[in-house]
Amino acid sequence: MEQYVIKGGNPLYGEVEIGGAKNAALPILAAAIMTDETVTIENLPNVRDVNVLLQAIEQIGARVERVNEHKVKINGSFIRDLTVDNEFIRKIRASYYLIGALLGKYRKTAVALPGGCDIGSRPIDLHKKGFCAMGANVDISHGLFQVEAEHLIGTHIYLDKVSVGATINIMMAAALAEGKTVIENAAKEPHVVDVANFLNSMGANIRGAGTDVIRIVGVQKLHKTEYSIIPDQIEAGTYMFAVAAAGGDVIVTNVIPKHLEATTAKLIEAGCEVEEFDDAVRVISNGKLRRTQVTTLPYPGFPTDMQPQMAVLLGIAEGTSTVTESIFENRFRYVDELTRMGANIKVESNIAIINGVPKYTGARVNAPDLRAGAALVIAGLAAEGVTVIDDIHYILRGYENLDVKLRELGGKIELVTSEKELQKFILKVS
Ligand code: EPZ
């Protein structure tokens with residue numbers, strides 16, 4: 001049993017360093033097996049989803065050498081098994097990236113259907129549409145996504161909905177297909193660009209990543225590379241919002257401020273000061289927050305992965321705010337938990353109507369998914385009294401040393417594994 005226990009009410013001060021982006025790392029690790037040469041990846045976040053994917057890669061035969069916590073060498077020349085299935089891989093969404101990678105390289109694979117955070121129905125029809133358009137046969141049965149192509153041929157693919165996963169997956173397969181693939185209505189997220197840059201550093205020919213039309217000319221094979229993953233914009237945003245809610249003055253380092261524009265704009269609207277540097281942002285907050293409105297949208301819009309953190313902020317802002325979720329239909333599951341901490345939020349369809357309250361009060365709550373869990377940590381830091389968060393395994397999927405980094409900023413938070421440790425913390429802080 002792992003829990004976070006937090007004594008709120010302490011402003012945050014100092015500097016926090018952001019790690020590599022989880023949602024770039026996962027497809028990059030999958031793409032690393034597309035060559036038979038050794039690939040070195042740096043700035044790898046040491047989080048559970050990454051480690052599960054590395055295990056799966058190892059299980060099919062690839063050599064994985066963990067040089068240190070944040071650096072790995074991968075050699076895909078020893079792959080002998082094209083079926084990826086184990087109880088862990090079924091729990092992570094990013095398992096689907098192995099489909100694009102293995103289909104591209106071997107023209108055949110079977111991968112257990114993805115799980116991941118329960119934030120909506122999360123179909124994979126667009127991935128399937130892309131692979132089929134390139135000439136592959138797809139069969140989804142017995143919990144496996146099975147795909148095979150005698151010839152994988154480049155083609156025009158229009159994505160009916162902007163999808164990060166489908167864009168990246170098709171891009172990976174197309175990198176080793178015959179001829180030219182054009183993906184229209186592609187996702188423009190920074191991690192899509194990072195994966196394209198990574199593949200290009202391996203010899204792929206991908207142009208236009210970061211715009212809504214990506215053009216890929218297939219090559220015969222890919223080669224070794226050394227690559228450093230971009231900083232995690234969502235981890236950065238989470239610390240920025242923690243400072244906003246708890247008050248304080250923090251410099252968030254190792255970020256690309258351009259990737260944080262939507263997050264920064266909303267913080268300023270809510271009454272915080274944000275200064276931008278080359279590779280850092282400084283957030284200053286006196287804890288007095290103003291109402292605003294936000295709608296989640298594909299990049300460069302406000303990220304759905306920051307939506308729960310935003311709602312937590314607005315829950316203690318003066319006035320009535322609204323948060324509209326336009327990407328996933330089930331991303332308000334934290335509202336009941338936050339209500340237990342004193343929030344006044346009503347959800348109508350995909351809109352949360354938030355009437356700001358002066359403060360949260362500590363309570364025992366459950367993390368319903370990764371980002372909602374991180375949002376509850378923010379609420380706990382801002383709250384009066386002690387908050388205990390259960391089910392933090394979700395949070396550990398995507399945040400490295402969250403408790404350690406927050407403690408270094410002056411937050412009173414601990415990861416405990418027993419009732420005894422929990423009581424010890426409460427005694428210490430009371
Ligand atoms: C990625 O999920 C991220 N996951 C999510 O991160 C993130 O919330 C999401 O992109 C949006 O930015 C990983 O990178 C592992 P999508 P993904 O395909 O790829 C619909 C986190 O907390 N859709 O961009 O699954 C879908 O239902 C998480 O780190 C289809 O209809 O998201 C959604 O409405 C959770 N058919 C929209 O597209 C498909 O085949 C966008 O989803 C695929 C998606």
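This passage describes the cysteines, salt bridges, ligand surroundings and one glycine of a predicted model.

In this predicted model, local features need pLDDT of at least 70 and side-chain atom pairs count only at pLDDT 80 or more, whereas totals for chains, interfaces and linings use all residues. Residues are numbered from 1 along each chain as its sequence is written, and side-chain values use heavy atoms, with hydrogens and water left out.

A search of the whole structure for disulfides (pairs of cysteine sulfur atoms within 2.5 Å) returned zero. Solvent exposure was classed by relative accessible area as buried (under 20%), exposed (over 50%) or partly exposed (in between), with a 1.4 Å probe and protein chains only. On this scale C132 is partly exposed at 34%, while C272, at 6%, is buried.

Salt bridges, defined by a side-chain nitrogen of Lys or Arg within 4 Å of a carboxyl oxygen of Asp or Glu, number 17 by this rule. Secondary-structure elements are DSSP runs numbered from the N terminus, with helices (H or I) of at least four residues and strands (E) of at least two. One of the salt bridges joins the side chains of K188 and D212, with an N to O distance of 4.0 Å. Because K188 lies in the loop between β11 (180–184) and α6 (190–201), and D212 in the loop between β12 (205–207) and β13 (213–217), this pair ties together parts that are 24 residues apart in sequence. Both ends of the bridge are partly exposed, K188 with a relative accessible area of 26% and D212 with one of 37%.

A salt bridge within a single helix is formed by K266 and E269, whose closest N and O atoms are 3.0 Å apart; both residues belong to α8 (residues 261–269) and are three residues apart, about one turn of the helix. Here K266 is buried at 15% relative accessible area, whereas E269 is partly exposed at 36%.

In the salt bridge between R331 and D305, the closest N and O atoms are 2.8 Å apart. This pair links distant parts of the chain, 26 residues apart, with R331 in the loop between β21 (320–324) and α10 (335–340) and D305 in the loop between β19 (293–295) and α9 (307–314). Both R331 and D305 are buried. In addition, D249, E275 and R282 are joined into one network by salt bridges that share partners.

The ligand is surrounded by 23 residues, of which the closest are Y96, S163, V164, D305 and I327; a residue is counted here if one of its heavy atoms lies within 4 Å of the molecule. For D125, a polar side-chain atom lies 2.7 Å from a ligand nitrogen atom. An N or O atom in the side chain of K161 is 2.9 Å from an oxygen atom of the ligand, and a polar side-chain atom of R331 lies 3.4 Å from a ligand oxygen atom. Taken alone the ligand exposes 830 Å², of which the protein buries 93%, the accessible areas being computed by the Shrake-Rupley method with a 1.4 Å probe.

G356 is located in the loop between β23 (351–355) and β24 (364–366) and is partly exposed, with a relative accessible area of 29%. Its neighbours within four places in sequence left aside, G356 is in contact (heavy atoms within 4.5 Å) with L314, G315, A317 and G319. The C-alpha atoms of G356 and L289 are separated by 9.3 Å, the two residues being 67 residues apart along the chain.

Definitions and conventions:
Polar contact = N/O pair within 3.5 Å; in protein donor to acceptor, adjacent residues only side chain to side chain.
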